[in-house]
Amino acid sequence: MPPPGGRLGPGFLSEEEKNNKPKVTKALLLRIFSYLKPYWKQMLLVLIAILASAVLTLLPSVLTGRIVDEGLIAKNLQKLILYIVLSFTVTLLANLIGIAESYLNTWIAQHITYDMRNTMYRHLQSMSQRFFTSNNQGDIITRMTSDISGVQQIITGTLTSILSNSITLIVALVIMFRENWVLALVGVMIVPLFTIPTRSAGKTRWTITKESQACSDEINGILNETMSVSGQLLVKLFGMEQREYDRYESVNRRMIRLNIRESMAGRWFRMALNTFTNIGPMLIYLVGGIIMMRVDPTVTVGQITVLVALLGKMYGPVNQLLNIQVDWIRSMALFTRIFEYYDMPAEIENAPDALTPDSARGEVEFQHVRFYYDPEREILKDVSFRLEQGRCIAIVGPSGSGKSTLINLIPRLYDVIGGQVLFDGTDVRKLDLGFLRQHIGIVSQETYLFNGTIRENLLYAKPDATEDELIEACRRANIYDFISSQETGLDTVVGNRGLKLSGGEKQRISIARILLKDPELMIFDEATSALDSISEQKIQDAIEPLIATRTSILIAHRLSTVLAADEILVIRDGKIAERGTHSELVGRGGVYTQLYETQFSRAAEPQPAPVQSYTEGESDTGTE
Ligand code: ATP
């Protein structure tokens with residue numbers, strides 16, 4: 001949907017907009033009003049300012065009549081000067097009030113958008129992982145940015161425009177009818193003529209605007225895709241620079257043509273409007289003249305002049321009010337879109353009586369856990385196991401068997417569909433989310449680092465960590481040598497999403513980050529693709545002492561990690577197919593034996609380097 005107001009052509013709605021007209025209910029209006037309510041005092045001031053400036057803007061037109069009749073025709077210089085000075089003062093005052101009004105208006109609009117943005121950000125943060133994996137990132141950002149900016153435009157534009165134009169029209173009409181009702185009637189009859197050029201120009205502009213909107217979406221799409229780190233990499237590696245350039249250039253050219261057409265459509269519109277603006281007064285002069293000369297000699301030249309002047313002041317408001325309907329519907333659609341997001345349930349929330357125990361042991365138990373993302377396809381069918389304090393469980397299984405899914409249920413990135421997950425003997429859904437996540441650390445397949453320095457990324461886990469603590473964590477994560485070899489040490493910038501570092505370095509930084517967090521339960525989701533064996537060994541050396549002493553779960557792709565575990569769970573088809581230690585399972589001739597033969601055995605041969613190893617994985621479901 002195009003943004004409201006601004007460049008949009010007046011008077012017309014697209015078919016889509018007509019079909020999807022938001023239902024303007026009392027509840028919707030009340031809800032919108034609730035955002036305005038905190039600023040009612042300022043809004044009252046705006047209303048007074050609009051009223052005052054409408055009256056003051058029209059006053060000079062009335063004074064023109066006095067200037068003509070009492071000054072010029074009566075040849076009274078004193079009165080002439082008096083009315084001119086009065087006109088000037090009134091105009092100045094109207095403009096000053098106009099400035100105050102627009103300041104207040106902007107102030108209110110900015111504050112309302114500020115409130116809405118904060119509410120939206122907080123709400124989005126409470127949304128579940130499912131929301132972020134299923135919704136288009138661009139869409140989320142559009143709601144945060146341009147949709148909410150649209151609201152600002154509604155307040156400074158649409159609302160003010162309705163108010164000030166209606167007031168101006170009413171005041172103008174009252175004055176006109178008081179001056180001379182016959183001429184006022186002639187004037188009112190001319191008003192519909194103003195609308196003819198507006199309507200046809202509006203139609204053209206609206207079509208063009210829609211096309212240019214689509215064009216600009218396309219340009220944004222191309223930029224988003226090709227200007228990202230990974231997108232650029234793909235373009236370069238496939239030698240597609242010229243093709244991407246051509247694609248961009250052709251949309252760019254289309255955009256320019258549309259812009260030129262749009263601006264010319266505006267030109268014709270203005271020309272037509274000018275013509276009508278000139279014809280209107282002529283008609284009043286004509287009718288007014290006939291009445292004055294033939295029918296009613298009491299009609300004065302001043303009266304005719306006042307009517308002409310007031311008529312001139314009505315063009316703008318009439319046109320704008322005619323177009324308001326479109327803006328209004330768009331505004332309502334915009335609010336509906338924003339509220340739609342607000343109303344999405346957070347899905348995973350703290351229970352009202354959530355428990356916050358004093359300490360945690362990090363024990364985990366799955367009891368007949370069932371889970372699916374999509375009811376058509378159950379990922380976990382009946383999973384039960386228990387992990388005691390200080391022990392380590394390795395989870396192995398074919399790719400896509402649900403290993404990462406299983407661990408995501410522990411910090412409640414998703415909730416189970418059936419059965420329950422217990423943390424220290426309590427159902428995770430009954431525990432305070434903050435408490436739960438504070439005591440769980442996950443090193444996920446995909447390591448995410450924020451763009452900043454290594455230090456900033458580490459401090460994310462423990463904002464008050466001392467220099468010594470940082471260094472100690474880096475040492476234990478086997479990354480300290482690398483960091484101290486850098487010129488700027490801990491202040492080395494990691495680049496966009498950490499892409500200035502190698503996969504192995506990022507992994508080790510994320511291990512250091514978890515060490516700083518120091519949770520009771522540590523979960524490692526080993527990435528599947530290859531890193532060189534040296535960097536893999538470094539990661540291995542960092543992890544092994546940890547799992548020996550901590551309550552931990554590992555999704556294992558390597559023999560060495562599997563061997564280090566107290567128990568191995570083999571997941572297949574959403575169930576635990578086998579469980580036991582390596583030596584118990586390896587001779588059983590089941591899934592584990594197959595896995596061992598295809599994955600682990602080769603790793604076992606050349607001592608000690610494992611073959612199946614780490615890299616940045618594809619999964620985006622992990623957290624730390
Ligand atoms: P790998 O070893 O390759 O990392 P895995 O065993 O960890 O695999 P999961 O990532 O748990 O597998 O995925 C299990 C299944 O669930 C896969 O078939 C995947 O397509 C599906 N899946 C994973 N995440 C989502 C999601 N957010 N929405 C829908 N389906 C998903």
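**Exercise 1.** How far is a nitrogen atom of the ligand from an N or O atom in the side chain of tyrosine 373? Then describe the contacts that the ligand makes with the side chains of serine 404 and threonine 405.

*Solution.* The model is predicted. Step one: the distance between the ligand nitrogen and an N or O atom in the side chain of tyrosine 373 is 3.4 Å. A polar contact requires a pair of N or O atoms within 3.5 Å, so the pair at tyrosine 373 is checked against that cut-off. Step two: for serine 404, an N or O atom of the side chain is 2.7 Å from an oxygen atom of the ligand. Step three: for threonine 405, a polar side-chain atom and an oxygen atom of the ligand are 2.4 Å apart. Step four: the ligand taken alone exposes 630 Å², and the protein buries 71% of this area.

**Exercise 2.** Describe the shell around the ligand: how many residues surround the ligand, how do they divide by class, and which helix gives the most?

*Solution.* Step one: the ligand is surrounded by 15 residues, and the closest are Arg377, Ser399, Lys403, Ser404 and Thr405. Step two: sorted by class, the shell holds nine polar, four nonpolar and two charged residues. Step three: at least two residues of the shell come from each of strand 2 (377–387) and helix 11 (403–408). Step four: helix 11 gives the most, with three residues.

**Exercise 3.** Are helix 3 and helix 4 roughly parallel or roughly antiparallel to each other? Describe how they cross and what their contact is made of.

*Solution.* Step one: helix 3 covers residues 40–73 and helix 4 covers residues 77–126; they pack at an angle of about 160°, and their axes are 8 Å apart. Step two: angles over 145 degrees count as roughly antiparallel. Step three: helix 3 and helix 4 are therefore roughly antiparallel to each other. Step four: the crossing of helix 3 with helix 4 is left-handed. Step five: in their contact there are 23 nonpolar, seven polar and four charged residues.

**Exercise 4.** At what angle do helix 14 and helix 16 pack, and is their crossing left-handed or right-handed?

*Solution.* Step one: helix 14 (residues 467–476) and helix 16 (residues 503–517) pack at about 130°, with axes 8 Å apart. Step two: this angle makes helix 14 oblique to helix 16. Step three: helix 14 passes helix 16 in a right-handed crossing.

Notes:
Residues numbered from 1 in each chain as written. Predicted model: local features only at pLDDT ≥ 70, side-chain atom pairs only at ≥ 80, totals over all residues. Heavy atoms only, no water. Near = heavy atom within 4 Å. Polar contact = N/O pair within 3.5 Å; in protein donor to acceptor, adjacent residues only side chain to side chain. Areas by Shrake-Rupley, 256 points an atom, 1.4 Å probe, with all protein chains shown as cover. Helix = DSSP H or I, 4+ residues; strand = E, 2+ residues; numbered from the N terminus. Nonpolar A, V, L, I, M, F, W, Y, C, P; charged D, E, K, R; others polar. Axes fitted to C-alpha atoms, helices over the stretch in contact; angles between N-to-C directions. Parallel < 35°, antiparallel > 145°, perpendicular 65-115°, else oblique. Left-handed = near helix turned anticlockwise from the far one by under 90°.
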